[in-house]
Amino acid sequence: MTTNRRSFLKNMGLAAGVAAAAPMAACNPKAGEKEAVAYIRKNAERVPKMDFNMCGYAAPKLDKVRVGFVGIGDRGIGAVDRMGFIEGVEVTAICDTRQAAIDGAQASLAKAGLPKAKEFTGSDTAFKALCDSGLVDLVYIATPWEWHVPVALAAMRGGSHAAVEVSTAKTMDECWEMVEVSEQTKKHCVILENCCYDFFELLTLNMARQGAFGDLVHGEGAYIHDLDYWHFNKPQDDKPRGDGAYDKLWRLHENTRKANVYPTHGLGPICQAMDINRGDRMDYLTAMMSDDFTLKHRIKELAPDRPDLQQFIGKEMRGNMDMQMIRTVKGRTMMIQHDISSPRPYSRIHMLSGTKCFAQKWPLKHIAFGHKKADDAKMKELEEKYTPEIVRRIGEMAKQVGGHGGMDFMMDWRLIDCLRNGLPMDMDVYDAAAWSCITPLSEWSIANGSKPIAIPDFTRGKWETNKPVELTLKGGGTTGVRNLKEADSDKQLNVH
């Protein structure tokens with residue numbers, strides 16, 4: 001960071017004394033409010049020594065990838081189903097606190113013609129035995145958020161790669177610990193950001209890479225999704241598959257936090273298009289949040305008939321809308337939104353604006369090279385020219401298998417193909433940390449009247465020479481898809 005940059009942040013109120021004096025909702029229940037504010041900023045300023053640069057690292061090839069699953073809810077059981085279609089995968093271990101969930105995973109494996117996996121259950125920390133078992137090369141983590149990083153760390157320390165559902169980390173401590181352990185063990189810690197593999201996002205990423213946008217100037221992304229049904233649907237422990245509910249209402253608990261608790265769906269694809277951590281990096285952000293106009297009222301309305309909801313009566317919930325404005329070192333800007341409690345149509349926005357081209361996915365998908373958007377013929381021409389190799393290779397098969405329209409399967413297939421061919425990951429631990437740290441940093445900024453806060457450089461300067469994400473299947477593309485005739489995309493979770 002330059003001297004001018006430091007002076008700017010200091011003048012805007014980022015001095016430690018100002019931070020410690022500002023009021024906020026505590027992010028750590030064991031700390032006071034002032035201490036919690038100071039702690040976020042203190043850890044954002046950490047610059048630990050780099051042990052090894054994991055960006056571009058090619059781990060030794062794995063002809064067969066032994067996968068262990070931790071967390072078999074809606075996301076976990078969908079991942080087990082999808083892995084059953086990928087050649088070179090052996091599901092060797094499954095872990096969940098619910099036996100019914102494990103039984104559902106075993107049934108999925110049997111249907112795919114795969115051997116029964118070893119079971120790990122009985123406590124919240126049964127995953128430790130799985131990670132130390134020597135049975136797995138990759139631990140696929142789809143637990144509630146509080147367990148994401150603990151399981152990932154146990155996996156890497158136990159000798160396995162980790163693949164972690166979004167968001168990966170909740171705190172700055174967790175972000176840095178993921179990075180440090182990945183570097184020390186030389187094990188991948190992959191953020192499972194499926195939206196980076198959606199069809200339009202991949203198209204625009206390739207357009208950006210081929211120069212169609214000129215210089216990218218601005219990007220917008222979001223997670224706007226009315227989650228009322230999922231927040232308030234009552235969990236049923238005896239169901240073998242995910243039942244569209246959050247175990248122990250964990251996600252409602254997460255929404256007592258005044259932060260963007262789920263930033264990566266909108267942010268990840270924009271970061272890839274802008275080569276964040278691989279030619280540019282996020283410099284600082286400022287955040288703002290509305291009041292809560294809906295969650296507290298829904299809780300009050302439902303609580304008389306729901307004893308499990310009464311614990312939330314009187315609690316402050318996150319506001320409906322929060323926004324982050326982010327500036328990169330090279331002068332680009334981003335806007336990220338998050339709203340899960342307003343009655344609005346679904347949107348991730350996904351907008352990229354450059355000096356030559358504009359593209360946006362929601363509410364209507366369009367691309368423009370000037371004032372008028374491209375017509376159907378031009379759109380078809382662009383798709384034919386810029387559709388990347390992974391979509392040409394398995395896009396139609398992915399739609400058959402399903403998972404958010406196929407993007408989940410492309411993500412899983414690419415992960416396994418990279419491991420089997422000894423290729424670098426499309427999304428590495430620095431992406432996991434940089435995309436996830438928006439949560440605690442937004443919390444700090446919201447609590448401090450939208451003051452800006454610096455975003456750590458998790459690459460510690462390597463962003464200037466790290467290579468962009470590979471958009472071809474060079475060195476890979478060898479992993480087959482099996483039993484495709486058994487695919488039923490309707491059984492995959494298709495709610496984004």
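C95 has no disulfide partner here: its sulfur sits 8.1 Å from the closest cysteine sulfur, in C131, too far for a bond. In fact the count of disulfides (pairs of cysteine sulfur atoms within 2.5 Å) comes to zero. Keep in mind that this is a predicted model, where local features need pLDDT of at least 70, side-chain atom pairs count only at pLDDT 80 or more, and totals for chains, interfaces and linings use all residues. Residues are numbered from 1 along each chain as its sequence is written, and side-chain values use heavy atoms, leaving out hydrogens and water.

**Cysteines**
- C95 is buried, at 4% relative accessibility; buried means under 20% relative accessible area, exposed over 50%, and partly exposed in between, with a 1.4 Å probe and protein chains only.
- C357 is buried too, at 2%, and its sulfur is 19 Å from the closest cysteine sulfur, in C196, too far for a bond.

**Around K186**
- K186 sits in the loop between α8 (172–185) and β6 (189–192); helices (H or I, at least four residues) and strands (E, at least two) are DSSP runs, numbered from the N terminus.
- K186 is partly exposed, with a relative accessible area of 37%.
- Leaving aside residues up to four places away in sequence, K186 touches F52, M54, Y57 and H161, where contact means heavy atoms within 4.5 Å.
- From K186 to R157 is 29 residues in sequence, but 9.8 Å in space, C-alpha to C-alpha.
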